[in-house]
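Reader: I am new to reading protein structures. Could you walk me through this one, step by step?

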Amino acid sequence: MENGMNLKQEVEKRKEDLIRDTKSLLAIRSVLEEDEDGTPEAPFGKGIQEALEFMLELGEKDGFTVKNVDNYAAHIEMGQGDEIVGILCHLDVVPEGDGWSSDPYAAEIRDGRIYARGALDDKGPTMTAYYAMKMIKELNLPLNKRVRMILGTDEETQWRCVDHYFEKEEMPSLGFAPDADFPIIYAEKGIWDMQLTQKSENTSENAEINVLEFASGRRLNMVPDYAVAKVQTGSFKEMQRAFETFLQKHELKGKIQEGTDAFVLEIDGVSAHGAEPDNGVNAGLYLAAFLSGLNLSEQAKRYFTFLHDHFFGDSRGRKLGMDSSDDITGDLTINVGTMKYTKEKGGKAGLNFRYPVSYNYEQGSRAMETKVAEAGFELTTVSHNASHHIDADSFLIQTLKKVYEEETGDKAELIAIGGGTYARSLKQGVAFGPLFPGREERAHQFDEFIEIEDMLKAAVIYAKAILELAK
Ligand SMILES: [Zn+2]
């Protein structure tokens with residue numbers, strides 16, 4: 001504790017510098033510029049490049065060893081030894097969006113908070129961890145390993161930064177990412193995104209009721225909050241009655257209207273993150289369920305029945321026979337994030353599949369392919385990120401647990417999540433802060449902020465963690 005007390009004072013002494021450097025870093029609009037893709041001097045655009053250079057200059061000025069890895073990523077290092085303790089951060093931010101109370105790059109301080117895009121995700125935490133390193137360096141505290149802050153620049157999009165970095169550079173033997181929540185996120189589900197495409201059939205066929213178009217959702221990892229279909233049928237009255245009864249029965253908002261060439265059916269749902277589809281109301285699956293009950297053409301009937309029979313009212317893969325669960329990460333979840341059908345081209349569905357750490361992906365993916373093929377669909381994998389799990393008894397977890405508990409007085413419960421954090425790019429990595437339990441989180445939203453008090457607290461925790469991990 002003696003050490004901890006001193007560190008607290010040492011952080012306090014550096015408070016104004018920490019705030020100043022954080023503000024300077026936040027002032028840079030480090031948003032990915034897709035159009036400028038490809039210049040070797042700035043592979044992700046000028047803003048991100050500027051942020052990377054800012055950190056490297058700062059590191060150099062403070063006497064660290066710095067290395068720029070082809071402008072994709074960089075590191076700031078101190079200490080000596082065979083092993084590396086990694087601290088994985090990122091400098092890119094998502095676009096600011098609307099609704100801000102102050103300029104998102106002015107980093108205004110109000111009520112002890114710094115408000116800016118990237119304040120919490122992840123430039124504020126990056127600077128906090130940087131100051132933890134700087135303090136250890138200035139105080140000449142003993143390290144038996146190298147301590148390396150790795151600065152990524154493409155975390156918010158495709159992780160091309162760390163992919164490239166680890167092709168060229170050594171993987172730290174263990175480490176943490178200050179890019180999520182305290183206490184410790186030690187397990188993350190596997191994430192498998194896929195596109196299902198209906199095999200083409202007779203598209204010219206006409207039935208009593210024809211679905212010309214149906215669409216819902218834009219992103220695989222979001223629950224669609226809106227669905228629309230254009231339907232041709234002889235009797236509006238009948239369709240209207242059936243649809244309104246359906247809406248009432250399921251307590252849904254929606255409407256049916258006469259369009260130019262067809263009736264337009266709409267349903268409003270509730271959006272939620274794809275990691276827990278049950279927190280939302282999937283508008284697309286509801287509309288599909290309604291349509292599946294009509295006298296449709298063979299092709300349309302197959303598509304809507306497929307959605308209804310396998311996914312409607314079940315986000316756990318039970319109806320599909322793909323369910324799986326374990327004590328660490330809980331249930332396998334399936335979010336049907338995008339749905340599209342046209343009379344000419346048939347149907348498509350985009351799925352975000354999240355499986356527990358004990359799941360056998362090889363077996364599961366083969367079973368899934370077989371199942372959808374039986375229903376007349378072809379499966380294409382959009383992306384796959386294997387699950388990530390660090391043993392609770394490992395040196396890494398035990399050390400971080402001890403440090404967190406000593407510093408906060410709270411128990412460091414291990415957290416398992418369905419989402420993916422940056423920590424999974426480290427083989428032995430966990431997400432460790434900076435958001436304390438109970439704090440409001442506004443990453444990716446307007447008025448994103450970080451509490452200055454929390455930064456100071458986290459700086460002490462990070463410094464102690466580095467010292468313990470690098471012993
Ligand atoms: Zn982040």
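Author: Happily! We begin with a term: donors are N, O and S atoms within 2.8 Å of the metal. Please keep in mind that this is a predicted model.

Reader: How are the donor residues of the zinc ion spaced in sequence?

Author: We take the donors in turn: His-90 gives NE2, Asp-121 gives OD, and Asp-179 is listed with OD twice. These atoms lie 1.9 to 2.6 Å from the zinc ion. Written along the sequence, the spacing of the donor residues is H-x30-D-x57-D.

Reader: Which parts of the chain does the pair His-90 and Asp-179 tie together, and how far apart are they in sequence?

Author: His-90 belongs to strand 3 (residues 84-90). Asp-179 sits in the loop between strand 7 (174-177) and strand 8 (180-181). The pair therefore ties together parts whose separation in sequence is 89 residues.

Reader: Are His-90 and Asp-179 buried or exposed?

Author: The cut-off for buried is under 20% relative accessible area. Both His-90 and Asp-179 are classed as buried.

Reader: What kind of arrangement do the four donor atoms around the zinc ion make?

Author: To count as tetrahedral, four donors need all angles between 85 and 135 degrees. Here the angles run from 52 to 144°. Because of those angles, the arrangement is irregular.

Reader: Let's turn to empty space. Which element gives the most to the lining of the second largest pocket?

Author: This pocket has a volume of about 270 Å³, and 16 residues line it. Those nearest its centre are Asp-278, Asn-282, Leu-285, Gly-313 and Asp-314. Two elements give two or more residues to the lining, helix 7 (283-292) and strand 17 (333-342). The one that gives the most, with three residues, is strand 17.

Reader: How many residues of each class are in the lining of that second largest pocket?

Author: We can sort the lining of the second largest pocket by class. The result is nine nonpolar, five polar and two charged residues.

Reader: What about cavities: which strand gives the most to the lining of the second largest cavity?

Author: The structure has three cavities of 30 Å³ or more, and the second largest has a volume of about 50 Å³. Its lining includes Leu-120, Pro-434 and Phe-449. Strand 23 (434-435) and strand 24 (449-451) each give two or more residues. With three residues, the top contributor is strand 24.

Reader: How many residues in the lining of the second largest cavity are charged?

Author: Among the lining residues are Arg-439, Glu-440, Glu-451 and Asp-454. By class, the lining has five nonpolar residues and no polar ones, and the number of charged residues is four.

Reader: How far apart are the end C-alpha atoms of helix 11?

Author: Helix 11 covers residues 452-469, which is 18 residues. At 1.5 Å a residue it should span 26 Å. The model agrees with that, since the end C-alpha atoms are 25 Å apart.

Reader: How many residues of helix 11 are buried?

Author: Helix 11 is largely enclosed by the rest of the structure. That follows from its buried residues, which number 16 of the 18.

Reader: Which is buried and which is partly exposed, Arg-117 or Asp-391?

Author: Arg-117 is in the loop between strand 5 (113-115) and helix 4 (123-138), while Asp-391 is in the loop between strand 20 (388-389) and helix 10 (395-408). Buried means under 20% relative accessible area and exposed means over 50%. With 47%, Asp-391 is partly exposed; with 1%, the buried residue is Arg-117.

Reader: How far apart in space are Arg-117 and Phe-446?

Author: In sequence, Arg-117 and Phe-446 are 329 residues apart. In space, C-alpha to C-alpha, their separation is 7.7 Å.

Terms used:
Residues numbered from 1 in each chain as written. Predicted model: local features only at pLDDT ≥ 70, side-chain atom pairs only at ≥ 80, totals over all residues. Heavy atoms only, no water. Donors = N, O, S within 2.8 Å, 3.2 Å for Na, K, Ca; no water. Tetrahedral: all angles 85-135°; square planar, octahedral: opposite > 155°, others 65-115°. Helix = DSSP H or I, 4+ residues; strand = E, 2+ residues; numbered from the N terminus. Buried < 20%, exposed > 50% of the residue type's maximum accessible area, 1.4 Å probe, protein only. 1 Å grid on protein atoms, 1.4 Å probe; cavity = no way out; pocket = protein on both sides within 12 Å on 5 of 7 lines; lining within 4 Å. Points joined across faces, edges and corners; volume = space filled by probe spheres on them. Nonpolar A, V, L, I, M, F, W, Y, C, P; charged D, E, K, R; others polar. Expected span 1.5 Å × (residues − 1).
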